[in-house]
Amino acid sequence: MRKRVLIGVVLGVPLAAMTAAAILFALALISPAQVPAYVIRIVLPGRTDAIGLPRVEGPADASRPLVVIDAGHGGHDPGASGQHGEKEKMVTLKLALALRDALLADGRVRVALTREGDRFLALEERSGIARRLKADLFVSIHADASESPDATGATVYTLSDRGSDAVADAVARRENKADMVNGVKLGGKSDAVTAILVSLSQREMRERSKAFAALVLREGEGKVRFHTDPEREAAFVVLKSLDLPSALIEAGYISSPDDASELANPGWRKGFAASVASAIEIYLARTTVAPGA
Ligand SMILES: [Zn+2]
């Protein structure tokens with residue numbers, strides 16, 4: 001927490017300086033005689049407005065459906081930690097890469113990753129990548145944590161205006177914290193009219209997302225150990241997309257010794273990836289039709 005406050009202060013100082021510079025410049029425009037002979041440029045550390053788009057892999061045919069896989073956390077945001085110092089950001093990256101490999105081996109859909117290395121992305125940049133690539137599905141991969149060592153198994157979350165229960169809310173709050181580090185408020189700019197349109201669109205997307213979540217559970221049956229309450233809804237910022245079905249999969253509890261050893265096992269990750277890949281392929285085959293097919 002202390003680190004986050006510190007980062008906020010470090011980001012806040014140049015932001016305040018930039019605001020002051022913008023006001024001075026606006027005043028200068030009002031009275032042309034006082035236009036300064038120089039311009040102050042302040043570069044925000046480590047942030048840009050438009051990040052580059054990742055490469056799209058898989059079949060060259062652009063009519064094939066596209067899934068964007070998002071490895072949760074990264075960079076200065078480690079996510080949850082295991083009892084032996086395992087970091088969620090590394091577990092999610094390995095799972096995302098395994099899922100990418102499984103999908104590419106099957107060759108049915110196109111795939112892009114929000115990150116392939118240990119780097120930070122703001123939450124809305126992640127779903128933003130999927131929107132800009134006009135993806136058909138967005139899947140964010142995480143690993144859960146709980147103070148109870150008995151909490152085990154995978155959970156599939158879809159977006160809700162409100163969480164389906166207090167536990168779901170707590171998980172959403174923890175995952176959403178990553179954007180507060182960024183120090184810049186992203187999103188939340190809609191007026192009353194767009195709010196209605198957004199609401200209708202999101203209702204449709206929630207239904208599609210739930211259909212995908214059900215497939216993840218079905219395809220994982222007997223292969224992936226799920227939480228006793230495996231399908232939930234929560235208010236995840238990363239899933240707040242207007243026109244994109246999406247789900248957040250907590251692959252297991254990094255805080256559970258049993259789950260942590262599975263998450264660290266390449267063979268287990270491969271099995272997990274195969275079942276999620278199967279759900280993705282079935283979902284996309286059902287919901288997207290290639291031109292001329
Ligand atoms: Zn997470």
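User: What covers the buried residues of α2?

Analyst: This is a predicted model. In it, α2 has a run of buried residues, among them V91, L95 and L99. The cover over the buried residues of α2 includes two helices, α7 (257–263) and α8 (266–287). It also includes the strands β1, β2, β3 and β6.

User: Which strands does helix α2 touch as it packs on the sheet, and what angle does its direction make with that of β3?

Analyst: Helix α2 covers residues 88–106. It packs on the sheet and touches β1 (66–71), β2, β3 (137–144) and β6. Its direction makes an angle with that of β3 of about 140°.

User: Why does the span of α2 agree with its 19 residues?

Analyst: Take 1.5 Å a residue, counted over one less than the number of residues. The 19 residues of α2 should then span 27 Å. The end C-alpha atoms of α2 agree with this, because they are 27 Å apart.

User: Which residue just after α2 takes a positive phi?

Analyst: Helix α2 ends at residue 106. Just after α2, the phi is positive, about 70°. The residue is G107.

User: What is the strand order of the open sheet, and which strands are its edges?

Analyst: The sheet has six strands with mixed pairing. The order is β2-β1-β3-β6-β4-β5. Two strands pair on one side only. These edge strands are β2 (110–113) and β5 (226–234).

User: In which sense do β4 and β6 pair, and which residue stands opposite V156?

Analyst: Strand β4 holds residues 154–159, and β6 holds residues 246–253. They pair over three bridges, in the antiparallel sense. Opposite V156, in β6, stands I249.

Methods
Residues are numbered from 1 along each chain as its sequence is written. This is a predicted model: local features need pLDDT of at least 70, side-chain atom pairs count only at pLDDT 80 or more; totals for chains, interfaces and linings use all residues. Two strands pair if DSSP finds at least two bridges between them. Helices (H or I, at least four residues) and strands (E, at least two) are DSSP runs, numbered from the N terminus. Two residues are in contact if their C-beta atoms, placed from the backbone, lie within 7 Å. Axes are lines fitted to C-alpha atoms, for helices over the stretch in contact, and angles run from 0 to 180 degrees between N-to-C directions. A residue is buried if 20 or more other C-beta atoms lie within 10 Å of its own, exposed if 12 or fewer, and partly exposed in between; C-beta atoms are placed from the backbone.
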